[in-house]
Amino acid sequence: MNTIEPTASGRDSTRTTVDTPPPAPFRMLLVSFLSAAIGLVAGVVAFALYKLIGLFTNLFFFHRWSADFSSAQHNHLGWLVIVTPVIGGLIVGVMAKYGTSKIKGHGIPEAMEAVLFNRSRIAPRVAILKPISAAIAIGSGGPFGAEGPIIQTGGAIGSLVGQAFHTTAAERKVLLACGAAAGMSATFNTPIAGVILAIELLLFEFKSRSFIPLVIASTLATAVHMRLLGLGPMFQVSTMDFGIPRALPFYLVLGVICGLAAVGFSKVLYWVEDQFDKLPIDEVWWPAMGALGLGVIAFFVPRVLGVGYDTIGDILNGQLAWKMLLVVMLAKAAALAVSLGSGTSGGLLAPCFMWSAAMGGLFAMVANHFLPGAQLSPGAFALVAMGAVFAAASRATFTFIIFAFEITRDYNSVLPLMLVSVIADGIAMLLMPTSSIMTEKLARRGLHVHQDYEADVLSQARVGETMEKDLPAISAGTTVGVLAERIAQHDPAVARHEALLILDDAGNLTGIVTRGDLLRALDKDSSGSMKVQDAGSKHLVVTYPDALVSEAASEMLRVASGRSRRYPQGCGVSGPQWRDGRAFAAISG
């Protein structure tokens, strides 16, 4: 309960003492049931997105009404293939400008931002506009995959379910990750990789409370995929000879090449984004400009159009000659960088798989040409490079070791995948130590993402455990001059803190005043007659006793105001100071 007592000085200052409720427990049973529903819904949404891409592909390239998945590379548009992606780019540009800018990009950084900096809240419009915009972009020829958009869409579904059921931030974070994992699992039929992806890129924790719901969501989403799209792996590949142990030296070299390729592509992608940022035209036109560049490339290399699953399958089965592998590698990477760098909507994973698989197959062919005794399998090296490049680029190495194994289900791939992926990841860490292709966008906004798994003191404590419960407060009628004099005289009731809470006559919190506020008030009125209520702030940023201290610190950085650097929150008093059924709290200075 809230108690107000006179201070030792006997003046008009009051002190409020707070008895806060214990941190809200994590409701494992509720979250598990919700994760099951999220997994089923995400599975259906992934299927719907797959069909929607097929519909738009047929409309744009074959001028027919059909949702069956068709490869855009087999179109007969001639030179019209140059302008067809531009139409999709124009539509996406309008959606991003007048709908929500969150549809721009490949989706995973946006999901990470929601988890780390927005208390796992995603707006409903994102769940609607992201898959539609991605389907239009891909269906009009965009060289993207569906996995990034469905991960963001699944995350949005999880977030919305959490908000609807009034879950805590910790519970909502797990539900968002469940949606993302379910989306990944349902898209590629890779349930294990979906779980690990959510842990490595969204949760940054491995706890039973999150692992159990993730497994439930991914399992059910994969079951939906199997029911609607079939039981087999994503890519049907012939038997591969991974050449262990005789090919190990070549895998070592491939690891270095994959690491350099991952870093190089990441830098090129963000360099292209920088060039678009410098354009003196409205950004609504940028996706169309990027699509025009794509159209020119596609006119000469039709295989760059769309998701390219058929081309990836051809590469893994060793059906492309070295010249075509070289063309596909360069053209797909260029088309992806130009298109995605323009700010359109689409996934990054499948196109990176395509050009990196071409690179791995090309490496094996070149090695066989100069060293005939090597007898390397182009398909095996394509698969290993496919997993290693994106593992290094995203810093989700474990995820894509498992992912590359799951999409082929060939256990013999595990050893070379492990070796090449960790070497590539090591190279990427040396050359890009502070960011990755997933976090660079957030870093440019001033948002730091710490992806290493290590003990975080701030993540081990909750606000309720660290906040000060005996809070100094003054009445709203106190003048600035009186308060400044008491601070100058080192009155212990007010001089120990940078900020003081302001209470009205009924003991309700109405604002907060800092010493900086007092100095500014005295600059305006040297007589000091201004009331502290007018000198301080009435708009407080709050946190809750069950929130992690790390979340409160992130909120302080996000608000980035002088007041919130020290006292970001309000006072945890009862009655009118309860929000959403919980007392809101202050971190002690």
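Which hand does the crossing of helix 6 and helix 7 have? The crossing is right-handed. This is a predicted model. The briefing covers three helix pairs, a pocket, a cavity and two backbone features.

**Helix 6 and helix 7**

- Helix 6 spans 169-188, and helix 7 covers residues 191-203.
- Their axes come within 8 Å. The crossing angle is roughly 140°.
- Angles over 145 degrees would count as roughly antiparallel. Helix 6 and helix 7 are therefore oblique to each other.
- On the helix 6 side, the contact uses K173, V174, L176, A177, A180, A181, M184 and S185.
- Helix 7 answers with P191, G194, V195, L197, A198, L202 and L203.
- By class, this contact between helix 6 and helix 7 holds 12 nonpolar, 2 polar and 1 charged residues.

**Helix 9 and helix 14**

- Helix 9 runs over 248-277, and helix 14 over residues 378-394.
- The two axes come within 8 Å and cross at roughly 45°.
- Angles under 35 degrees count as roughly parallel, and 65 to 115 as roughly perpendicular. At roughly 45°, helix 9 is therefore oblique to helix 14.
- The crossing of helix 9 and helix 14 is right-handed.
- Helix 9 brings F250, Y251, L254, C258, A262 and S266 to the contact.
- Helix 14 meets them with A380, F381, V384, A385, A388, V389, A392 and A393.
- The class split for the contact of helix 9 with helix 14 is 13 nonpolar, 1 polar and no charged residues.

**Helix 20 and helix 21**

- Helix 20 takes in residues 480-488, and helix 21 residues 515-524.
- Their axes come within 10 Å, with a crossing angle of roughly 125°.
- That angle makes helix 20 oblique to helix 21.
- Helix 20 passes helix 21 in a left-handed crossing.
- In helix 20, the contact residues are V480, L483, A484 and I487. In helix 21, they are R515, L518, A521 and L522.
- The contact of helix 20 with helix 21 has 7 nonpolar residues, no polar ones and 1 charged.

**Second largest pocket**

- The second largest pocket has a volume of about 490 Å³.
- Its lining is made of 30 residues. Y50, F69, M234, V307 and Y309 lie nearest the centre of this pocket.
- Four helices each supply at least two lining residues: helix 1 (28-62), helix 6 (169-188), helix 8 (208-229) and helix 11 (309-316).
- Helix 1 gives the most to the lining, with 6 residues.
- By class, the pocket lining counts 19 nonpolar, 10 polar and 1 charged residues.
- Helix 6 thus appears in two places: in the lining of this pocket and in the contact with helix 7.

**Cavities**

- The model has 8 cavities of 30 Å³ or more.
- The second largest cavity holds about 80 Å³ of space.
- The lining of the second largest cavity consists of 15 residues. P85, F144, P287, A291 and T344 lie nearest its centre.
- Helix 2 (84-98) and helix 10 (286-300) are the elements that give two or more residues to this lining.
- Helix 10 provides the largest share, 4 residues.
- The lining of the second largest cavity divides into 7 nonpolar, 8 polar and no charged residues.

**Backbone features in loops**

- I244 and P245 are joined by a cis peptide bond, with omega at about 10°.
- P245 sits in the loop between helix 8 and helix 9.
- Helix 8 is among the helices that line the second largest pocket, while helix 9 is in contact with helix 14.
- H63 has a positive phi of about 55°, although H63 is not a glycine.
- H63 belongs to the loop between helix 1 and helix 2.
- Helix 1 contributes to the lining of the second largest pocket, and helix 2 to that of the second largest cavity.

Technical notes
Residues numbered from 1 in each chain as written. Predicted model: local features only at pLDDT ≥ 70, side-chain atom pairs only at ≥ 80, totals over all residues. Heavy atoms only, no water. 1 Å grid on protein atoms, 1.4 Å probe; cavity = no way out; pocket = protein on both sides within 12 Å on 5 of 7 lines; lining within 4 Å. Points joined across faces, edges and corners; volume = space filled by probe spheres on them. Nonpolar A, V, L, I, M, F, W, Y, C, P; charged D, E, K, R; others polar. Axes fitted to C-alpha atoms, helices over the stretch in contact; angles between N-to-C directions. Left-handed = near helix turned anticlockwise from the far one by under 90°. Contact = heavy atoms within 4.5 Å.
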